[in-house]
Amino acid sequence: MKKLIPFLLCASVGFAAGIPTQRTVIGDYIEARTADVFTGPCFANSEGGLVGELAVFGWKIDKGSWQGVDLDGLSVVGAVKAAATLGDVHHNYYPAKAVLIVDEKASPEQRIALRGFAQKMGGELLSDIVRVEYQPIDLTFKNNDLHSMQATLTAGSLAKIQTRALNEGYHLCRKEEIWYEPLTKTTHSMPVYALAHNFKGQGLGTTWSSPDKRSEFVGNFAVPSE
């Protein structure tokens with residue numbers, strides 16, 4: 001089983017990475033899938049190719065700019081529908097279609113920058129955006145502590161993720177590990193349990209609700225600004 005190493009993100013992370021802090025975008029990340037990401041082969045083999053093609057993931061930018069635009073305190077969320085189980089190394093899960101949900105607080109200039117940031121972070125998963133929505137977005141952690149593993153993301157009425165920590169009761173076959181890595185680059189991430197995971201928007205030809213699974217990640221990121 002992969003070890004989860006505690007990590008404290010601080011203001012000096014940019015210097016530690018050799019990147020000037022003022023040119024680094026830092027913040028929190030959350031992700032939910034429709035297949036277990038922390039699991040064993042007995043469960044993964046039963047889900048692979050059948051579920052897991054749907055996901056919601058989002059970024060809350062604590063500090064940083066993109067394309068010269070200040071994005072402090074703003075968020076952006078993606079909902080995707082892929083061709084197969086996301087992260088399956090044995091099958092091609094592209095093409096994927098995406099709905100992008102942009103923080104309604106953002107100015108027109110910031111909205112363009114948030115889209116660019118999300119597409120850079122999401123890569124091919126966000127290359128085909130079929131619909132863009134502007135909604136209030138909120139991502140919070142209990143006691144403002146990432147390592148509480150208790151997070152809630154709301155993107156208006158369109159999407160919601162809620163998490164809690166995994167415990168020994170979730171080791172059902174005693175061979176669990178991180179089966180699928182996060183969908184985007186993180187500085188640090190941890191698998192967590194899904195209390196809620198839903199998407200109710202338009203554009204993907206489907207909506208979903210997939211709670212009560214070992215299917216989510218929380219984490220943070222620090223990436224060079226562009």
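**Exercises on salt bridges in a predicted model**

In this predicted model, Lys120 has a relative accessible area of 51%, and Lys120 therefore counts as exposed.

**Exercise 1.** Which residue forms a salt bridge with Lys120, and which parts of the chain does the pair tie together?

*Solution.* Begin with the partner, which is Glu226, and note that the closest N and O atoms of the two residues are 3.2 Å apart. Next, place both residues: Lys120 belongs to helix H3 (residues 108–122), whereas Glu226 lies in the segment after strand E15 (213–224), so the pair ties together parts that are 106 residues apart in sequence. Finally, consider accessibility, where Glu226, at 48%, counts as partly exposed.

**Exercise 2.** Decide whether Asp103 is buried or exposed, and then do likewise for Lys105.

*Solution.* First recall the cut-offs, by which buried means under 20% relative accessible area and exposed means over 50%. Asp103 has a value of 0% and is therefore buried, while Lys105 reaches 55% and is therefore exposed. The side chains of these residues, Asp103 and Lys105, meet in a salt bridge, with N to O at 3.0 Å.

**Exercise 3.** Which residue forms a salt bridge with Glu133, and what is the separation of the closest N and O atoms?

*Solution.* The partner is Arg131, and the closest N and O atoms lie 2.6 Å apart. Turning to accessibility, Glu133 is buried at 15%, whereas Arg131, at 33%, is partly exposed.

**Exercise 4.** How many salt bridges does the structure hold, and which residues are linked in a network?

*Solution.* The structure holds 7 salt bridges, and a network of salt bridges links Asp36, Lys213 and Arg214.

Technical notes: Residues are numbered from 1 along each chain as its sequence is written. This is a predicted model: local features need pLDDT of at least 70, side-chain atom pairs count only at pLDDT 80 or more; totals for chains, interfaces and linings use all residues. Side-chain values use heavy atoms; hydrogens and water are left out. A salt bridge is a side-chain nitrogen of Lys or Arg within 4 Å of a carboxyl oxygen of Asp or Glu. Buried means under 20% relative accessible area, exposed over 50%, partly exposed in between (1.4 Å probe, protein chains only). Helices (H or I, at least four residues) and strands (E, at least two) are DSSP runs, numbered from the N terminus.
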